[in-house]
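The following exercises concern the architecture of one protein chain. Each task is followed by a worked solution, to be compared with the structure shown here.

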Amino acid sequence: MTGSGKTTFIANATGRTDLKIGHNLTSCTQEIQIIETVLDGRTVRFVDTPGFSDTYLSDTEVLEMIADYLSAGYSKEMRLSGIIYLHPISDNRVTHHATKNLDMFRKLTGEKNLKNVILATSMWDKVTPEEGLNRELELKNKFWSIFIAFGAQYCRQNTSAKSAKQIASMLMDNEPFYLELQEEMGKDNKALKDTAAGREIMSQLSLLKEQQQRELTEMKEMLLRTAAEENKAALAALEEHYKKMMYGMEKTISDERRMNEEAARSSDEKIKELTERIHKLEKKGSCVVM
Ligand SMILES: Nc1nc2c(ncn2[C@@H]2O[C@H](COP(=O)(O)OP(=O)(O)OP(=O)(O)O)[C@@H](O)[C@H]2O)c(=O)[nH]1
Ligand SMILES: [Mg+2]
């Protein structure tokens, strides 16, 4: 999730002081960045990503960015050693949105790879030990139970370099693996929207669109009522809000369109690839078995 302390964690593990860390309410990391360091005499590359529920990027854009990076990685046979999922223990709610993002994260990783995931909690200095302990238990027993059942490890993290390095070193001896999303896109040639994580985001987009449509209708009625009452200040505030809602709706529609366009592009590419293979085989005089 955005603002959970991902870049801070990497800065602590690598000793880098030039990484952009967010200090206000808006999201900070806007693209994927790779930070290389040496830990215990071995080269380690951290991949920092924007978080889901970002202020500027939609979840679709974040997933697309991660998918682009991962599929490029697949074609270069780049595997991962592990994933560190950070959750701020100071959050007093796990929202429906956060739960959906957790589902998407599980699907993009793939159940068989969950043993290579570390679920870590940050921001312990912002809670009392009792508060933290209660939330930790709820996370483990409720929201993270599937991850843990499939072998994900759990640990607490503080802002020290020692803690970040310790967590990173827990993953360093893992057998490198491809994520489910990489295999689906790279090996099975699926379009992003047809992968398990992509399907999750498409269903979220469709629900979001319905909700936004309902809210827009309600807002329109409210605007008309307020206009009739001639309350100028309220009308201006509502108009401003209506514009933002329209923008949100347009963004959802364009996210959905982009996912569909990407799928259409992928099938065009697949047809082209197959045609080229057939031509090659025809030239060689072999027969094609479909
Ligand atoms: N108190 C406290 N603050 C922390 C901790 N970890 C990170 N922060 C602060 O939380 C804010 C967000 O940290 P970032 O590292 O930018 O978070 P991020 O997950 O990379 O955020 P995005 O890039 O926006 O997704 C910064 O002000 C950090 O200094 C922690 O353990 N305790
Ligand atoms: Mg960041």
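**Exercise 1.** How many helices and strands does the chain have?

*Solution.* The model is a predicted one, in which local features need pLDDT of at least 70 and side-chain atom pairs count only at pLDDT 80 or more, while totals for chains, interfaces and linings use all residues. Residues are numbered from 1 along each chain as its sequence is written, and side-chain values use heavy atoms, with hydrogens and water left out. Helices (H or I, at least four residues) and strands (E, at least two) are DSSP runs, numbered from the N terminus. The chain has 9 helices and 5 strands. Read from the N terminus, these elements follow the order α-β-β-α-β-α-β-α-α-β-α-α-α-α. The C-alpha trace spans about 80 × 55 × 35 Å along its principal axes.

**Exercise 2.** Determine how strands β1 and β2 pair, and describe their hairpin.

*Solution.* Two strands pair if DSSP finds at least two bridges between them. Strand β1 (residues 33-39) and strand β2 (residues 42-48) are antiparallel and share 7 bridges. Within this pairing, Gln33 stands opposite Asp48 of β2. The hairpin has 2 residues between the strands, and Asp40 takes a positive phi near 50°.

**Exercise 3.** Establish the strand order of the open sheet and identify the helices that pack on it.

*Solution.* The open sheet holds 3 strands in the order β3-β4-β5, with parallel pairing. Because β3 (83-88) and β5 (153-156) stand at the edges with a single partner strand each, one side of each lacks a neighbour in the sheet. From one strand to the next, the twist averages 25°. Strands β3 and β4 (residues 117-122) run parallel and are joined by 6 bridges; Tyr85 stands opposite Leu119 in β4. Next come the helices, for which contact means heavy atoms within 4.5 Å. Helix α3 packs on the sheet and touches β3 and β4, its direction making about 175° with that of β3. Helix α4 (residues 129-143) also packs on the sheet, where α4 touches β3, β4 and β5, and its direction makes about 165° with that of β5.

**Exercise 4.** Analyse the packing of helix α2 against α3 and α8.

*Solution.* Axes are lines fitted to C-alpha atoms, for helices over the stretch in contact, and angles run from 0 to 180 degrees between N-to-C directions. Angles under 35 degrees count as roughly parallel, over 145 as roughly antiparallel, 65 to 115 as roughly perpendicular and the rest as oblique.

1. The axes of α2 (residues 59-75) and α3 (residues 96-109) come within 13 Å and cross at roughly 15°; α2 is therefore roughly parallel to α3. Asp59, Leu63 and Leu70 of α2 make the contact with His97, Asn101, Met104 and Leu108 of α3.
2. Helices α2 and α8 (residues 196-229) pack with axes 10 Å apart, at an angle of about 165°; α2 is therefore roughly antiparallel to α8. Here Asp59, Thr60 and Leu63 in α2 meet Ala197, Gly198, Ile201, Gln204 and Leu205 in α8.

**Exercise 5.** Which residues does the UniProt annotation "coiled-coil region" cover?

*Solution.* According to the unreviewed UniProt entry, the annotation covers residues 202-229; UniProt positions are given in the numbering used here, feature names are shortened, and annotations may be inferred rather than shown by experiment. In the model, the span of residues 202-229 is 100% helix and 0% strand, and its end C-alpha atoms lie 41 Å apart.

Methods: Chains lettered and ligands numbered in written order.
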